[in-house]
Amino acid sequence: CIMDGNGRWATARGLARTEGHKAGIVSLREIITACVRLGVDVLSAYAFSTENWSRPQEEIDTIFDLLDKFLKRYSGKLVKERIKLVISGDMSRVSENLRARTEEVIAKTSAFTGKTLNIAINYGSRAEIVRAANLAAKNGEITEESISANLYTADLPDIDLVVRTSGEMRLSNFFL
């Protein structure tokens, strides 16, 4: 699920772009609930791309604050529903608070099998491919298998369906 269009949604309604991101978090909770009800085993949500760093700092801060609050508020439901949390992306650029929160929820849910919520934070497919190729080369061989084994999604099944909340028809560097 490519979570986009929130800022445009808010602007079209005369609201600050940050209000759109707040509405997007509500939508994410609804999407997760629907996926559980429908028996979807893995949901990947594109929350923040590597390209999003060019946005105004206030908007970036709001997005990360919302993700942190979402994980704080929703971690109990993830545990109750036995949903494993995984993160795709380079967390080194995000705040220590968000890194700590994600590590805490990952630890609480790591033993769960069956349902997975994969949140892509500071994620871009091109950066992921470069990372995977470098790790494969470091281990001595670059093959499809070694690249695949070094992707953030190595333990997840291939994507069956892409939903883009804004309705646009492009992948925008998401799990290419």
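Student: Which residue has its backbone nitrogen 2.8 Å from a polar atom of the side chain of Asn-52?

Tutor: Welcome! This is a predicted model, where local features need pLDDT of at least 70, side-chain atom pairs count only at pLDDT 80 or more, and totals for chains, interfaces and linings use all residues. Residues are numbered from 1 along each chain as its sequence is written, and side-chain values use heavy atoms, with hydrogens and water left out. A polar contact is a pair of N or O atoms within 3.5 Å; within protein, one must be able to donate a hydrogen and the other to accept it, and residues adjacent in sequence count only if both atoms are side-chain atoms. The side chain of Asn-52 has such a partner at 2.8 Å, the backbone nitrogen of Ser-49.

Student: Is Asn-52 buried or exposed?

Tutor: Asn-52 sits in the loop between β1 (42-49) and α3 (57-81); helices (H or I, at least four residues) and strands (E, at least two) are DSSP runs, numbered from the N terminus. Buried means under 20% relative accessible area, exposed over 50%, and partly exposed in between (1.4 Å probe, protein chains only). With a relative accessible area of 13%, Asn-52 is buried.

Student: Which residues is Asn-52 in contact with, leaving aside its neighbours within four places in sequence?

Tutor: Contact means heavy atoms within 4.5 Å. Setting those neighbours aside, Asn-52 touches Ala-47 and Ile-60.

Student: What value is phi of Asn-122 near?

Tutor: Asn-122 belongs to strand β3 (residues 115-123) and is buried, at a relative accessible area of 5%. Most residues other than glycine have a negative phi. Asn-122 is not a glycine, yet its phi is positive, near 50 degrees.

Student: How many degrees around the axis do the buried residues of α5 cover?

Tutor: Helix α5 (residues 125-138) has 14 residues and reaches 20 Å from its first C-alpha to its last, close to the 20 Å expected at 1.5 Å a residue; that expected span is 1.5 Å times one less than the number of residues. Its buried residues are Ser-125, Glu-128, Ala-132 and Ala-136. They lie on the same side of α5 because their arc (that of the directions from the helix axis to the C-beta atoms) is only 70 degrees.

Student: Which exposed residues does the face of α5 turned away from its buried side carry?

Tutor: What covers the buried residues of α5 includes β3 and α6 (144-149). The face turned away from that buried side carries Arg-126, Val-130, Asn-134 and Lys-138.
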